[in-house]
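Hi there,

Here is the structure I promised to pass on, with my notes below it. Have a look at it first, then read on whenever you have a moment.

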Amino acid sequence: VPKVSNMSLAWNTRRLMDTSTDRPTGQPVEYHLLSGRALYDAATISHDPLRSGTAEWILHADQDFYSVSVVSRPFDALPQELCVSFPCFVKRTEGKVASSVIIPLDDVAFEFAALLSLLAREPITLLGLRRLANRPITNQYPYIPPPQDVRRLPRPPSPIDSRELRAILEGIGRSTDDETIDAALAAAKLYYAGLSIARFDPSGAYVSLVSAIECLAGHHYKARKFLFDQTPKFEGLRPILDKLSTLPGAQNLVEQCKNELMKQEHLIKSKFRLLIAEFIPEDFLLTTDQLYQIPAVGAPRDKAASQKASAMLTTPGHNMFTRESGSLPTLSSGYTRMLLSKRLWRSLKGYLVRTGRSFRLSFGLNGSRIW
Amino acid sequence: VIKNYLLCSFAPEIAKEREASVEEKARIQDVIRNLAENLRERLEKLAAATSRYLGMPMINPSISNAAWADDTTTVIALRNADLIGGTADATTEGWLKNRLVGEAVGEFFFGSASNPFRGNTLLLPKGWENVLTSGDSTEE
């Protein structure tokens, strides 16, 4: 049984990119999505990329690839309804006893939506299938709209670079590294889950966002060897083992012991930190977040805001992410530190110390931009 | 971080392009740093005048030279430094050369955190600087 489970998008894209003549034909699918931010193609040259005719297309492709168009009018009205069109292939599974034939369009659409959500920093809701094989379809999907106050939050438009999106999709289609695809899409889904629940369950969202990075880190540094002597967890054990190794004939046993201990360790904290340091965009910590302008680590302390945040923390049932006077409450670094787990805080602090720079770090639990 | 990971894993050509853009931006900032004081001031004026059009439904706004430049030598010097575009005679209008130059100029004068040109679609993308002027010449 194959271990990979996030492969529907890759499976379909590989078939789309297959140029062989005997390639089967996919069923044209139109799947509708809903976005709380107005998406537009940032790679376009237009006097008004949000409202002019070019705003209709977020990803324009011929019929043999994925296209994303805006179906609601005006283009930038919220919520923005999108249509992702793609040919979806039939999946046949032959078993010993029975065989199955399915069109994995829901799985492909979900993975596509997770990918688009990642680029848009907005949870794109799946509204459901609207056309299959050029025939209209209405399906009652269990979509529950979020509460009114959440839907009314003003969200700035989100630029999507269609070149990037297309290149990622084509790269997934070309790649033969199933494990990397699986890890990347699993991370995208965890990120998507985090964004989706952030306003209702910040703690769950936090776990989901951290898990997204851990998922990638675990995969990316799977083969990396970490030294026992450089693992902080074993600091207390090291002097004992060093003393033991001085005993006659015990050197090998101590080495074996160290190796066995390291085999049990996933070292996810170290991997997490390494991944952040390796893949964080150059200007991320130096620029202001468009969505959540919450000053945190390194920002000047605002006494009044700090008191307000502390009061909010101690008020039973207070929703700390309620918008007041049209803006999010300002969080002091102390407050942010309370939100960060000890482990995460140490990772962050280590990163800042290691790079030797002082940063203005924007930290938002209630949406995205955790890193 | 996840997006960067995806780009590096599945679209390395785009990741390399982005890295090259960062380097190019640093190079442009070095060019600005080495400009004469007067030229830097004039460029800042042009950037400030251009930034007023951000968010408006237009593309590649051209600013009257009278509003930002002191004389044609300034315009020619900035054009030779590949920072601006302008009318052929260098006497009427000028504009920031492209999106990348806009970002670099914005970062230099307004800082990383408050760069108004970050991710802008007001200016023309790099490599497409002549798309409007060449269109005009074709019509002529």
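**The sheet in chain B**

Gly85(B) has Trp95(B) as its bridge partner in β3(B). That pair belongs to a set of 3 bridges that join β2(B) to strand β3 (residues 93-96) of chain B, the two strands running antiparallel. Before going further, please keep in mind that this is a predicted model.

On the other side of the pairing, β1(B) and β3(B) are joined by 2 bridges, also in the antiparallel sense. There, Ile63(B) stands opposite Gly94(B) of β3(B). Put together, this gives an open sheet of 3 strands in the order β1-β3-β2 (chain B), with antiparallel pairing. β1 (63-64) and β2 (84-86) of chain B are at the edges with a single partner strand each, so each has one side without a neighbour in the sheet. Helix α3 (residues 37-51) of chain B packs on this sheet and touches β1, β2 and β3 of chain B. The direction of the helix makes about 80 degrees with that of β3(B).

**The sheet in chain A**

Chain A has an open sheet as well, built from 6 strands in the order β3-β4-β5-β1-β8-β9 (chain A), and the pairing is antiparallel. Which strands stand at the edges? They are β3 (57-59) and β9 (135-136) of chain A; each has a single partner strand, so one side of each is left without a neighbour in the sheet.

Within this sheet, strand β1 (residues 27-35) of chain A is joined by 9 bridges to strand β5 (residues 80-88) of chain A, and the two run antiparallel. One residue to click on is His32(A), whose bridge partner in β5(A) is Cys83(A). As a reminder, strands of a sheet pair through backbone hydrogen bonds, either parallel or antiparallel.

**Where the chains meet**

How many residues of chain A are in contact with chain B? The count is 40 residues of chain A, in contact with 28 residues of chain B. Between them the two chains bury about 2900 Å², with 69% of it on carbon and sulfur atoms. On the chain A side, the most area is lost to chain B by Ile45(A), Glu164(A) and Phe279(A), together 21% of what that side buries.

Glu164(A) also forms a salt bridge with Arg18(B), where the closest N and O atoms are 3.0 Å apart. The count between chain A and chain B is 3 salt bridges, and there are 7 residue pairs in polar contact, both residues at pLDDT 80 or more. The elements giving two or more residues to the side of chain A that touches chain B are α2 (105-120), α4 (162-174), α5 (178-197), α6 (202-220) and α9 (268-279) of chain A. The largest share, 7 residues, comes from α4(A). By class, this side of chain A has 24 nonpolar, 10 polar and 6 charged residues.

**Salt bridges overall**

Over all chains, the count comes to 21 salt bridges. One of them joins Asp76(A) and Arg51(A), with the closest N and O atoms 3.0 Å apart. Asp76(A) is in the loop between β4 (67-70) and β5 of chain A, while Arg51(A) is in the loop between β2 (39-41) and β3 of chain A, so the pair ties together parts that are 25 residues apart in sequence.

Happy browsing, and best wishes!

Notes. Residues numbered from 1 in each chain as written. Chains lettered and ligands numbered in written order. Predicted model: local features only at pLDDT ≥ 70, side-chain atom pairs only at ≥ 80, totals over all residues. Heavy atoms only, no water. Pairing = 2+ DSSP bridges. Helix = DSSP H or I, 4+ residues; strand = E, 2+ residues; numbered from the N terminus. Contact = heavy atoms within 4.5 Å. Buried area = accessible area lost by both parts, 1.4 Å probe. Salt bridge = Lys/Arg side-chain N within 4 Å of Asp/Glu carboxyl O. Polar contact = N/O pair within 3.5 Å; in protein donor to acceptor, adjacent residues only side chain to side chain. Nonpolar A, V, L, I, M, F, W, Y, C, P; charged D, E, K, R; others polar. Axes fitted to C-alpha atoms, helices over the stretch in contact; angles between N-to-C directions.
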